[in-house]
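Colleague: Before we talk it through, could you put the model up? I'd like to ask how you arrive at each of your labels.

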Amino acid sequence: MAINQNTKWPNRNTLYMGRSGSGKSQACKQNQAIPRSGARVLLWDLSHDHKAFHIDSKVTFANQVKAALASGKPFRLAFSGGDGSIDDFEWWCSVAWAALNGDHETFLIVEELSAVCSSIGKASPMAAKLLNQGRKYGMRFHGITQKPQEISKTFYDQTEIFWIGQQRGDNVKKCAKLLGLKEPEIEKLQSLEFWRLDPTLNSGAPEFVKMQYQPNNF
Ligand SMILES: Nc1ncnc2c1ncn2[C@@H]1O[C@H](COP(=O)(O)OP(=O)(O)OP(=O)(O)O)[C@@H](O)[C@H]1O
Ligand SMILES: [Mg+2]
């Protein structure tokens, strides 16, 4: 159960969307909004895309999260086991929910959101609870997906910051509309290039971001 509700926290939930190889994982790793150290971070990272302490057992993961919270120290724990099912993701979301504490920020990083969405409507119950109520308990949700057309509406509704990378087909149109850009501005994107929409920056207009690949970081 999340504790210490504090409504002062802003919504800084972030979505990264782009085709495979567009640089989404790099964008998340290089995003300075997620501290490199000293933060509470939980990851759903079945493919080991991020640097973290990866755990395959649910029991061990839950116990490690509990122990880390009891210690009061920062943590960066990734679940990388199970079968990638929505049921497993629901379990992970319930562990994440129980770890939230409104006296602290907690960063949640979820790789390939579309794989844990059963519909483009409401997210599954625990995921929806996190997205709808997590802000008040310090949650900073960072979701990553190759497939913007397959993720639940809940993730769009509760996201403030978008990183849009290379897109194909219908996703070009969808992302152009989302950002208020023309389709060619999406089509021109190369790998590691993004439009970032953060309402608190650049008067709310999308900013072009070009990254350099960084090995061995987060
Ligand atoms: N060793 C390297 N040196 C330079 N650039 C690299 C190197 N390895 C990868 N890249 C660049 O980084 C991109 C991959 O970035 P990243 O892994 O963040 O993509 P992604 O969008 O997360 O893909 P996926 O959805 O498949 O996980 C590659 O397309 C390439 O442009
Ligand atoms: Mg990736």
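Modeller: What follows is a run through the labels and the values behind them. This is a predicted model, where local features need pLDDT of at least 70, side-chain atom pairs count only at pLDDT 80 or more, and totals for chains, interfaces and linings use all residues. Residues are numbered from 1 along each chain as its sequence is written, while chains are lettered from A and ligands numbered from 1 in the order in which they are written.

Colleague: Let's start with the sheet. What makes strand 3 and strand 9 edge strands?

Modeller: Look at the order first: nine strands form an open sheet, running 3-4-2-5-6-1-7-8-9, with mixed pairing. Strand 3 (53-55) and strand 9 (207-210) each have a single partner strand, so one side of each has no neighbour in the sheet. Two strands pair if DSSP finds at least two bridges between them, and the strands themselves are DSSP runs (E, at least two residues; helices are H or I, at least four), numbered from the N terminus. Ignoring direction, neighbouring strands here are turned by 20° against each other on average.

Colleague: How do you know that strand 3 and strand 4 pair, and in which sense?

Modeller: DSSP gives three bridges between them, in the parallel sense, and the cut-off is at least two. Ile-55 stands opposite Phe-79 in strand 4. On the other flank, strand 2 (residues 40-44) pairs with strand 4 over five bridges, again in the parallel sense, with Leu-42 opposite Leu-77. Further along, strand 5 (residues 106-110) and strand 6 (residues 139-145) run parallel, joined by five bridges, and Thr-106 has Met-139 as its bridge partner.

Colleague: And why do you call strand 4 mostly covered?

Modeller: Four of the five residues in strand 4 (residues 75-79) are buried. A residue is buried if 20 or more other C-beta atoms lie within 10 Å of its own, exposed if 12 or fewer, and partly exposed in between, with C-beta atoms placed from the backbone.

Colleague: Why is Tyr-16 called buried, then?

Modeller: Tyr-16, in strand 1, has 27 C-beta neighbours inside 10 Å, so it counts as buried. Tyr-16 touches Lys-24, Ala-27, Cys-28, Ile-144 and Trp-163, leaving out residues up to four places away in sequence. Touching here is a contact, with C-beta atoms within 7 Å.

Colleague: What about Leu-192: buried or exposed?

Modeller: Leu-192 has 20 such neighbours, so it counts as buried, given that the cut-off is 20 or more. Leu-192 sits in the loop between helix 7 (183-187) and strand 8, and its phi is near 70°, a positive value in a residue other than glycine. His-48 also has a positive phi, about 55°, although it is not a glycine. His-48 is in the loop between strand 2 and strand 3 and is exposed, with 12 other C-beta atoms within 10 Å.

Colleague: Now the helices. Why are helix 2 and helix 3 called roughly parallel?

Modeller: The axes of helix 2 (residues 58-71) and helix 3 (residues 86-99) cross at roughly 10°, coming within 10 Å. Angles under 35 degrees count as roughly parallel, over 145 as roughly antiparallel, 65 to 115 as roughly perpendicular and the rest as oblique, so the two helices are roughly parallel to each other. Axes are lines fitted to C-alpha atoms, for helices over the stretch in contact, and angles run from 0 to 180 degrees between N-to-C directions.

Colleague: Which residues make that contact, and how do they divide?

Modeller: Helix 2 brings Lys-58, Phe-61, Ala-62, Val-65 and Leu-69, and helix 3 brings Trp-91, Val-95 and Ala-99. That divides into seven nonpolar, no polar and one charged. The classes: Ala, Val, Leu, Ile, Met, Phe, Trp, Tyr, Cys and Pro are nonpolar, Asp, Glu, Lys and Arg charged, and the others, Gly among them, polar.

Colleague: What makes Trp-91 partly exposed?

Modeller: Trp-91 has 17 other C-beta atoms within 10 Å, which falls between 12 and 20, so partly exposed is the label.

Colleague: Last one: which residues are closest to ligand 1?

Modeller: Ser-20, Gly-21, Ser-25, Gln-26 and Tyr-213 are the closest of the 14 residues surrounding ligand 1, where near means a C-beta atom, placed from the backbone, within 6 Å. The shell has three nonpolar, nine polar and two charged residues. Gly-21 lies in the loop between strand 1 and helix 1 (24-30), and with 12 other C-beta atoms within 10 Å Gly-21 is exposed.

Methods: Contact = placed C-beta atoms within 7 Å.
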